[in-house]
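Got a minute to look at a model with me? I'd like to go through a few spots by question and answer.

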Amino acid sequence: MTVRGGSGLEQAKKRDRKIMITDVALNKVPLVQVPEFTQVECETIAAEHRTLLRVAKEKNHSNEVLSVVSFKQVRRAMVLGDEFSVDLRKSPEAYGIFASAEPQEILLLHNHPSTNNFSLPDIVTLLRYAQVKMMSVVTNQGDVHILYKTVSFEYDTAKEIFNAVYCRYQGGEIGHHATVRRFLKECSKGGLAYVEG
């Protein structure tokens, strides 16, 4: 499984290129209040975001790092990736946590070396695997984006919403970033919630 400032024009140019992680970005990572998670869990998620960014900065050339977390199993594992993706199968420990999880038990937290929030493969991963409760992206600039399944999550409805926007992407009507934005705007109809910090 693969998980993957300035004028508007300058930001658009930066959006798809790697940004090196700085100490400013590490200190900027916010605590995001996520409904359906306790305060302690939200604080743990924020600390995990800071840790994975630090690992990416110090051990992975600011490339992607995935943290697989289970509050129920009280386990976590990190996997180092490249600039564009990370594969949890590269870590037996991470894969073991993932494979042994119950539905909506796993949190998949990872960084994006660019300033992008979610990718289409990120969304597919969240939808496809029942054991994933939450997917988060922390950019290399310290911005946090969280997408999670609420208690009213309906797989079929969420999949229909995704398929509708993805067909427009495949047909060339809208680009990748616009497809993600459209899905995030409509995903609550399928019981998903999007929060950022």
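What follows is a run of questions and replies on this predicted model.

Me: Let's start with helix packing. Are H5 and H6 roughly parallel or roughly antiparallel?
Reply: H5 covers residues 120-128 and H6 covers residues 155-170, and their axes come within 11 Å. They cross at roughly 160°. Angles over 145 degrees count as roughly antiparallel, so H5 against H6 is roughly antiparallel.

Me: And is the crossing of H5 and H6 left-handed or right-handed?
Reply: The two axes cross at roughly 160°. As for the hand, the crossing of H5 and H6 is left-handed.

Me: How many residues in the contact of H5 with H6 are nonpolar?
Reply: From H5 you get Leu120, Ile123, Val124 and Leu127, and they meet Tyr155, Ala158, Phe162, Tyr166 and Tyr169 of H6. Tyr and Ala go in the nonpolar class here, along with Leu, Ile, Val and Phe. No polar and no charged residues turn up in this contact, and the nonpolar count is nine.

Me: On to H6 and H7. Are they roughly parallel or roughly antiparallel to each other?
Reply: Their axes are 9 Å apart, and the packing angle is about 155°. With over 145 degrees as the cut-off, H6 and H7 are therefore roughly antiparallel.

Me: How many charged residues are in the contact of H6 with H7?
Reply: H6 passes H7 in a right-handed crossing. H6 brings Ala158, Ile161, Phe162, Val165, Tyr166, Arg168 and Tyr169, while H7 brings His176, Thr179, Arg182, Phe183 and Glu186. Sorted by class, that contact has seven nonpolar residues and two polar ones, and the charged ones number three.

Me: Just past that, is Gly172 buried or exposed?
Reply: Gly172 is in the loop between H6 and H7. Its relative accessible area is 59%. Over 50% is the cut-off for the top class, so Gly172 is exposed.

Me: How far apart in space are Gly172 and Ala94, C-alpha to C-alpha?
Reply: In sequence, Gly172 and Ala94 are 78 residues apart. In space, the C-alpha to C-alpha separation of the pair is 36 Å.

Me: Is Ile21 buried or exposed?
Reply: Ile21 is in the loop between H1 and H2. Leaving aside neighbours within four places in sequence, its contacts include Leu26, Leu53, Ala56 and Asn140. The relative accessible area is 5%, and under 20% is the cut-off, so Ile21 is buried.

Me: How far is Ile21 from Glu58 in space, C-alpha to C-alpha?
Reply: Along the sequence, Ile21 and Glu58 are 37 residues apart. In space, their C-alpha atoms are separated by 9.1 Å.

Me: Which side chain does the side chain of Asp87 make a polar contact with?
Reply: Asp87 sits in strand E4. It's buried, at a relative accessible area of 15%. The polar contact spans 2.8 Å, and the partner is the side chain of Arg89.

Me: What is the phi of Glu36?
Reply: Most residues other than glycine have a negative phi. Glu36 is in the loop between H2 and H3, where it's partly exposed at 39% relative accessible area. Its phi is positive, near 80°.

Me: And what is the phi of Gln104?
Reply: Gln104 is in the loop between H4 and E5. It's partly exposed, with a relative accessible area of 32%. Although Gln104 is not a glycine, its phi is positive, at about 55°.

Terms used: Residues numbered from 1 in each chain as written. Predicted model: local features only at pLDDT ≥ 70, side-chain atom pairs only at ≥ 80, totals over all residues. Heavy atoms only, no water. Axes fitted to C-alpha atoms, helices over the stretch in contact; angles between N-to-C directions. Helix = DSSP H or I, 4+ residues; strand = E, 2+ residues; numbered from the N terminus. Parallel < 35°, antiparallel > 145°, perpendicular 65-115°, else oblique. Left-handed = near helix turned anticlockwise from the far one by under 90°. Contact = heavy atoms within 4.5 Å. Buried < 20%, exposed > 50% of the residue type's maximum accessible area, 1.4 Å probe, protein only. Polar contact = N/O pair within 3.5 Å; in protein donor to acceptor, adjacent residues only side chain to side chain.
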